[in-house]
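Colleague: I'm new to reading protein models. Could you walk me through this one?

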Amino acid sequence: MRPLPHFLQSPLLRSVPGVYHAFGGVDPVEGRGHRERLAEAFSIPPEAVGALKQVHSADVLEFDLRDADVPGGWRREGDGLWTAAPGTGVGVRTADCVPILLAHREVPLVAAVHAGWRGLASGIVREAVRVLAERVGDRAVSGLVAAAGPCARACCYEVGEETAGALSALPGAVLRKGDEPGKWFADLQAIALSELAHAGMPPSGVESVGPCTVCSNRFHSYRREKSLTGRQFSLIYIYR
Ligand SMILES: [Zn+2]
């Protein structure tokens with residue numbers, strides 16, 4: 001049997017019945033494709049897991065079969081995808097951006113969000129929670145749980161004035177001054193968690209998972225690898 005790809009799970013999301021999730025990392029098997037990985041590592045049919053063409057937007061869409069790994073799939077643009085149908089799942093590809101996975105404790109409802117600095121600044125996190133709340137009404141916020149996965153953190157993620165300005169406009173975002181003038185360090189995971197809180201989620205419903213992708217060789221990092229080809233896939237799937 002071939003080794004599994006590296007992945008992490010959130011204890012909080014694991015506590016949600018009927019849902020499987022994984023924050024993906026580096027796959028030690030060179031050349032193993034997305035379809036094989038889902039089937040071999042997670043026993044999940046690739047044609048049942050949707051993903052979008054990510055464009056750093058605040059657009060959150062409902063899963064449609066053409067979002068899956070099927071001929072002509074992965075064409076729709078957006079950065080948040082949700083599904084309420086058992087037997088389907090949603091995922092995001094990231095290198096240093098934040099993968100955020102959400103689920104509802106009482107009803108089948110999951111979402112995957114891709115949140116880089118542009119997405120965070122555009123309000124993708126609050127939009128995702130709003131869309132899910134719209135779906136299940138009053139129960140939504142109290143029953144939702146979310147985990148923000150491995151991404152670029154304040155140890156490594158130095159940004160310039162434009163990014164720092166956009167991020168510091170978010171309530172609760174704290175940036176640390178960099179070594180040079182006009183440079184700042186930002187913790188994208190902490191900002192994502194703060195955004196979840198500002199969207200109305202209680203502290204007991206959110207969790208951070210995993211290390212800084214720039215520091216850890218177990219995860220692809222755009223900053224470290226200087227390549228857009230190496231990205232990890234994080235997914236959440238409703239199996240019943
Ligand atoms: Zn780091």
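Modeller: Sure, let's begin with the whole chain: its secondary structure comes to eight helices and 14 strands. Helices (H or I, at least four residues) and strands (E, at least two) are DSSP runs, numbered from the N terminus. With a radius of gyration of 17 Å, close to the 18 Å that the globule rule gives for 240 residues, the chain is as compact as a globular protein of that length. That radius is taken over C-alpha atoms, and the rule is 2.2 Å times the number of residues to the power 0.38.

Modeller: Keep in mind that this is a predicted model: local features need pLDDT of at least 70, side-chain atom pairs count only at pLDDT 80 or more, and totals for chains, interfaces and linings use all residues. Residues are numbered from 1 along each chain as its sequence is written.

Colleague: In what order do the strands of the open sheet of three run?

Modeller: Strands of a sheet pair through backbone hydrogen bonds, either parallel or antiparallel. Here the order is β10-β12-β11, with antiparallel pairing. β10 (158-159) and β11 (176-177) each have a single partner strand, so one side of each is left without a neighbour in the sheet. Two strands count as paired if DSSP finds at least two bridges between them, and β11 and β12 (residues 184-185) have two.

Colleague: Is alanine 41 buried, exposed or partly exposed?

Modeller: Buried means 20 or more other C-beta atoms within 10 Å of a residue's own, exposed 12 or fewer, and partly exposed in between, with C-beta atoms placed from the backbone. Alanine 41, in helix α2 (residues 34-42), has 19, so it is partly exposed.
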